[in-house]
Amino acid sequence: MSGFKYSDIHKIIYPRRHEGIYKNRGDNPWVSVRIRQGVGRDPSKWFTDQLRTLAEVSRRYGDGRVMLGTRGDVEIFKVNYRLFDEVVSRLKAVNLDPRDSCGNSVRNPIPCPSNHCPLAQVNAEALSKFIGDYFRYKAEYEGPSAMPHRFKISISACERACAIPVAQDVGIVAKGRDTFDVYVGGGIGEHAFSAKLMFSGVKAEDLLPIIVGAIEVFKREGERRGFKWVVAKYGIDRVRSMILDVAGKVKQTLPAPDLSPRFINTRLIKLHYPTGWVESSELERIADIAGKHGLGYVILFNNQTIYVPVRVMSSELNDVEVKDPGPFSTEGPTTVACIGSELCPPGLINTTSLGSRIHIHLKGTNRPIRIGISGCTHDCGMSWVSDIGLEPYGFKTRILITLGGGPTELGYVVGTIDPMDAEQAVDLILNMYVESNSQSITEFISRVGVDKVREVLAMRIPSFKAPDKSISSVFGPN
């Protein structure tokens, strides 16, 4: 790879990040391509021809692997930056499109898979498509000259809030078939903020005006650290007033969505990929299953799991896990991780290796626990909203442990450890959980307490340190 400098390639692609391109780690020509559904497409449904194209593109242009993201998208790595446009052309041929999945843009709004959940009050996929299509390919909502920071939105079709509103700039939660709660100002990673309930009883036709209002306020403030800092600066009441002022002016110019629920009553093959990596040959196998036994598509969400709706069960499917339609958070042992130091420039730890080892411990408990592992303080592994979260920080890298996070609350800070002790720390917490006979991590915290967890870690792991002011200054205020 001689002759290529990271800084030179980064300068070339940085202005195009909103097109779905990121520089990979190191002095090489590699970039990653983050991929979502094209305009007008259901963001959660990925069809067999698309899976086969992803497999072929990853082999021909990348390293033969696809990473399942935590926002219903996928990513291909080690693509020569000079071939990016060629790759995008191949993807667009099957209605896939990286646009606005990266950089300072209105990111792909992520819906819970409401079409396959009987608890759904509204069609979250339709609302996500409606919102996402409004902002896509509009210069005023994409690129470093237009947006001060990325802007993330999620839609949950019921009050279980599987789409994790607490961590979004705007999190929408259906309260019935006619009204919604809207949470605003969340964000995880360094300086974690819980989204605040800002609007209640919102009608469907008022959702897009509120989102446009929030984004316009954000742009006007020019806060490069993110919209959460605008909410922290002015407070809920003033930001609400600022948003409503814009929303009232633009409402008459905006369309209204059709959100009639659509329930597809099939069972689902559940294929979880701890740390997110899927080989191209595996994608082709999944495409064959979806075409032969299913509805011709699979579902992607935020937990690095592929769900295949199946029409009828067959003896050919005896070796796979099958679930009934229903909630998608949290179910069974789930380990989620970003790409970490292998390919991500700011990555501090090898999340794939650590996550694979930790998943063995988690799988042994056979409990519905989600472990989130991030390679840096961007927290793409969603540690703050996981039952057990691991996130590194600091020049001399340590790992922050959080406990009890979920869709509607951030985790408690337990303390920090050296990276080499992360696997042992998680194993100790899991053993305490199993021995407590608790049915959930929330119950475990209530019954055992975070202080007891700290006490055990301090006795067993010499590198453990309880929270202090230095942690609060980095990860506050929530």
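A residue counts as buried when its relative accessible area is under 20%, as exposed when that value is over 50%, and as partly exposed in between. With this scale in hand, the cysteines of this predicted model make a good starting point. C344 has a relative accessible area of 23% and is therefore partly exposed, whereas C102, at 0%, is buried.

Neither residue is paired. The structure holds zero disulfides. For C102, the nearest cysteine sulfur belongs to C380 and is 9.8 Å away. For C344, the nearest cysteine sulfur is that of C376, at 5.5 Å. A disulfide requires two cysteine sulfur atoms within 2.5 Å, so the distance of 9.8 Å at C102 and that of 5.5 Å at C344 do not qualify.

Attention now turns to the enclosed spaces of the model. Four cavities of 30 Å³ or more were counted, and the largest has a volume of about 150 Å³. Its lining comprises 18 residues, with R36, P43, N108, P109 and S128 nearest the centre. At least two lining residues come from each of β2 (30-37), β7 (110-111) and α4 (124-135); α4 gives the most, with four residues. By class, the lining of this largest cavity contains seven polar, six charged and five nonpolar residues.

The second largest cavity holds about 90 Å³ of space. Among the 14 residues that line this second cavity, those closest to its centre are C112, C117, C158, C162 and P327. The lining of the second largest cavity consists of eleven nonpolar residues, two polar ones and one charged one.

Technical notes
Residues are numbered from 1 along each chain as its sequence is written. This is a predicted model: local features need pLDDT of at least 70, side-chain atom pairs count only at pLDDT 80 or more; totals for chains, interfaces and linings use all residues. Side-chain values use heavy atoms; hydrogens and water are left out. On a 1 Å grid over the protein atoms alone, a cavity is a set of points where a 1.4 Å probe fits but cannot get out, and a pocket is an open set with protein on both sides within 12 Å along at least five of seven lines; lining residues have an atom within 4 Å of a point. Grid points are joined across faces, edges and corners, and a volume is the space filled by probe spheres set on the points. Ala, Val, Leu, Ile, Met, Phe, Trp, Tyr, Cys and Pro count as nonpolar, Asp, Glu, Lys and Arg as charged, and the others, Gly among them, as polar. Buried means under 20% relative accessible area, exposed over 50%, partly exposed in between (1.4 Å probe, protein chains only).
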